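Reader: I am new to this structure. Please choose one part of it and take me through that part closely, strand by strand, with whatever lies against it.

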Amino acid sequence: MKSEITISELAKLMNVSVHQIRYFEEKGVLQPAYTDHNQYRMYSIDQIYQLAHILLLRKLRVPVQSIKDCMTSYSADQYRQLLQHSLREVDAELQRLQELQQFIKKVLREQQSFNLQPNSYQIKRHDTTYLARWIEMDSRTKLNAARLAEQPKHVPNLFESDIHYVLDGSSTVTLYLETQAPGDLFLPGGDYLSIQTLVNEDEDLEPLIAQFYDYAAAQSHVITGPLILVEKSYLSLFSQSQLHYELRGLIEPAAKSERRNRT
C-alpha cells in the first residue's frame, strides 16, 4: 500500500483547492515528495506538515514571498515575535468589531425608539453627560463643508457620533461631542423634556424650538439651563436624508419650581 497521496487527495485533506497548492509550488514554498511514472505529484506526511505550516503563516498574514524564509531560517524567538505581532493585530480587530457592534445596536435602538413615538414629547431620565468642545460659531451662521474642513481637530467617524448643539440664548452656538469626565462642559443628570423630530432644512428648527418652550410652559415644566439640540445624523439612513434631531431641556424639579412660584 502506497504511503503518499495525490494533489487532489492533499487538497481534500487540507480543505484547500488544487489551484492553491499549485500556487504554493510555483512560489517555491512547497514541493511534492516525488512525481510518479504517470506524472502525478505525490505527497508524503512531510508535505502535509509543510502545507499546514504554510496555511498557518498565511493566516498570520505572512506574504507568500516571505514564507520560504520563515520556514527555512526563522528561529523560535522570531516565530514568537511573529505570533505576538499577529495577536496585537487580532486584538485591535476585535476592538474594532466590538465598537462596530455597539454602534449598530445603538442605531437600531435609537431608530426603534423614534418609530415608537415620533414627534411626541417625553420625559427622559439622563445620567450626567460630559462634552468636549468642538466648534464655536455665530448663531446666524450655518454649518457647512468648508467650516468642517477648516477645523484643526478632525474627528474620526464624526457622523457616527451624537453632535450636541448647546443653545444658551447668546449669539454663539457651540457644538460638542460626548467624552469622558471631566470634559469642557457637563450636562447634569436628571429628567429632561425631550422630542425627536425630522427636518429637511436647519431653518425648520426655529419653529420647533419655539413649540418646545410653548409646550413646556403649557405643562408647567420649567426648563433650566441651555436647550440641547442633539443631531443624530446616522438615523438619516432611515429617513431619505432628512436630518434627525432630538431637542432636550433639563426640567427643574417640581418642589423647587413650586417654591419659586410661591415667592
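**The eight-stranded sheet**

Author: In β11, Ile228 has Arg248 as its bridge partner. The model is a predicted one, and this pair of residues is a place to start reading its sheet. Ile228 falls within β10, which spans 223-231, and Arg248 falls within β11, residues 243-251. The two strands run antiparallel and are paired over six bridges.

On to the next pairing of β10. β6 (163-167) is joined to β10 by five bridges, again in the antiparallel sense. Here His164 has Val230 of β10 as its bridge partner.

Where do these strands sit in the whole sheet? The order is β4-β9-β11-β10-β6-β7-β5-β8, an open sheet of eight strands with antiparallel pairing. Its edge strands are β4 (122-126) and β8 (185-187), each of which pairs on one side only. Averaged over the sheet and with direction ignored, neighbouring strands are turned by 35° against each other.

Further along that order, β7 lies between β6 and β5. Eight bridges hold β5 and β7 together as an antiparallel pair. Within β7, the residue opposite Leu131 is Glu178. Two helices also belong in the picture. Helix α5 (residues 76-116) packs on the sheet and touches β4, β9 (190-199) and β11. The direction of α5 makes about 85° with that of β9; an angle of 65 to 115 degrees counts as roughly perpendicular, so α5 is roughly perpendicular to β9. Helix α7 packs on the sheet as well, touching β6, β9, β10 and β11, and its direction makes about 145° with that of β9. β9 and β11 are thus touched by α5 and also by α7.

Several of these elements meet again around an empty space. The largest pocket has a volume of about 590 Å³. At least two lining residues come from each of β5 (129-138), β6, β7 (172-179), α7 (205-218) and β10. The largest share is from α7, with four residues. The lining has 23 residues in total, and those nearest the pocket centre are Ser139, Leu167, Val173, Asp202 and Glu206. Leu167 belongs to β6, Val173 to β7 and Glu206 to α7. Sorted by class, the lining holds eleven nonpolar, five polar and seven charged residues.

The second largest pocket, with a volume of about 370 Å³, has lining residues including Arg96, Glu99, Leu100, Gln102, Phe103, Lys106 and Arg109. Those seven fall within α5, residues 76-116. Among the other lining residues are Pro156 and Asn157. The classes in this lining are three nonpolar, three polar and five charged.

The chain has another sheet, which can be set beside this one. That sheet is open too, with three strands in the order β1-β3-β2 and antiparallel pairing. At its edges stand β1 (5-6) and β2 (34-35); each has a single partner strand, so one side of each has no neighbour in the sheet. Two bridges pair β1 with β3 (residues 41-43) in the antiparallel sense, and Ile5 has Tyr43 of β3 as its bridge partner.

Notes: Residues numbered from 1 in each chain as written. Predicted model: local features only at pLDDT ≥ 70, side-chain atom pairs only at ≥ 80, totals over all residues. Heavy atoms only, no water. 1 Å grid on protein atoms, 1.4 Å probe; cavity = no way out; pocket = protein on both sides within 12 Å on 5 of 7 lines; lining within 4 Å. Points joined across faces, edges and corners; volume = space filled by probe spheres on them. Nonpolar A, V, L, I, M, F, W, Y, C, P; charged D, E, K, R; others polar. Pairing = 2+ DSSP bridges. Axes fitted to C-alpha atoms, helices over the stretch in contact; angles between N-to-C directions. Contact = heavy atoms within 4.5 Å.
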